[in-house]
Amino acid sequence: MPAHPYQILTRGCLVLALALAAGQYLQSTAPQPLPVSSQLHLHPIKIETVTAQAEVVPKPPAKIQRDCVTSLDLAALENAMIAVTLVASCHPNERVVLKHAGLAITAKTTVTGAIFTDLPALTPQATVEVLFKDGSRLHSSLELPEAVNLRRFAVQWGGEDEFQLHGLEHNADFDAAGDISHTNPNTPAAGAAAKAGFLVDLGDSSTDFPLLAQVYTYPPDPASQSAIVVEAAVTKTSCGREMLGETLFSLQGQVVKADLTVAMPSCDAIGDYLLLNDLVPEMKIASSE
């Protein structure tokens, strides 16, 4: 049946209304342009290359080397003894060797590099030399005319070897009052002239490879007689081998030096002693006339 004109009009109005509504919706949902003030503005960025530079730190100044004060002073003491004063600030706590007229002994400097010791003069023109660990040397001399009038005998050794010197005065026996030795040195009072013989121990045994010595000074009276005996003890360190040393004899300012070699008994003899006699060389005494 044909459509009623009224119905056709109504359907057309409906279609038109839907079309208008759809257009309005599309218009309302479409993206709107941003306001000019909200638009993104791109600006070129300048890229700069930064080169890292190492900071130059100035080198600290070198440590200033302190002055090495070094001196060796000698002074004359009673009984032709030499007072030795060593000052060596760059050699603290150091093993040194002191030498005089054939004697050679070790000593150790203090924390400030000093040494204070006494040596018996063997010659009237006494020269003392100090040898340091680095090979450097220091020496000084002193006139001691009194040494011409004295007789002195010395024995010296090194390392584990050991000798004991005895000056037996007036035919004294061992360990008697006239036995001048390490245990009875008969040291004169400070500043006083010796009335009899006396013995001096020399060297520092605490150093590496110590060099030690004993020096006996005869009584000042030329007519006095003393028997010189060197004792070598048989111990665990000396048995069954040779012990080495040297002897020195000073008369009227002249020194005679000789090697001392002792073949020690086997270790079965530990506790025994060897007594060495006839060690004083024959020397003629010059006439005072």
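This note covers the two open sheets of the structure, which is a predicted model.

1. In one sheet, 4 strands are arranged in the order β4-β3-β6-β7, and the pairing between them is antiparallel. The edges of this sheet are taken by β4, residues 103-108, and β7, residues 137-143; each has a single partner strand, so one side of each is left without a neighbour in the sheet. From one strand to the next, the twist averages 20 degrees.

2. Within that sheet, strand β3, which spans residues 95-100, is joined by 3 bridges to strand β6, residues 125-131, and the two run antiparallel. A reader who wishes to locate this pairing in the model can look at Lys 99, whose bridge partner in β6 is Glu 129.

3. A further open sheet is formed by 5 strands, which follow the order β11-β12-β8-β14-β15 and are likewise paired in antiparallel fashion. Here the edge positions belong to β11, covering residues 198-202, and β15, covering residues 254-263; because each has a single partner strand, one side of each is left without a neighbour in the sheet. The twist in this sheet averages 15 degrees from one strand to the next.

4. The edge strand β11 is connected by 5 bridges to strand β12, residues 211-217, and these two strands run antiparallel. On the β12 side, Ala 213 is the bridge partner of Leu 202.

5. As general background to these pairings, strands of a sheet pair through backbone hydrogen bonds, in either a parallel or an antiparallel manner; in the sheet β4-β3-β6-β7 the pairing is antiparallel, and in the sheet β11-β12-β8-β14-β15 the pairing is antiparallel as well.

Methods
Residues numbered from 1 in each chain as written. Predicted model: local features only at pLDDT ≥ 70, side-chain atom pairs only at ≥ 80, totals over all residues. Heavy atoms only, no water. Pairing = 2+ DSSP bridges. Axes fitted to C-alpha atoms, helices over the stretch in contact; angles between N-to-C directions.
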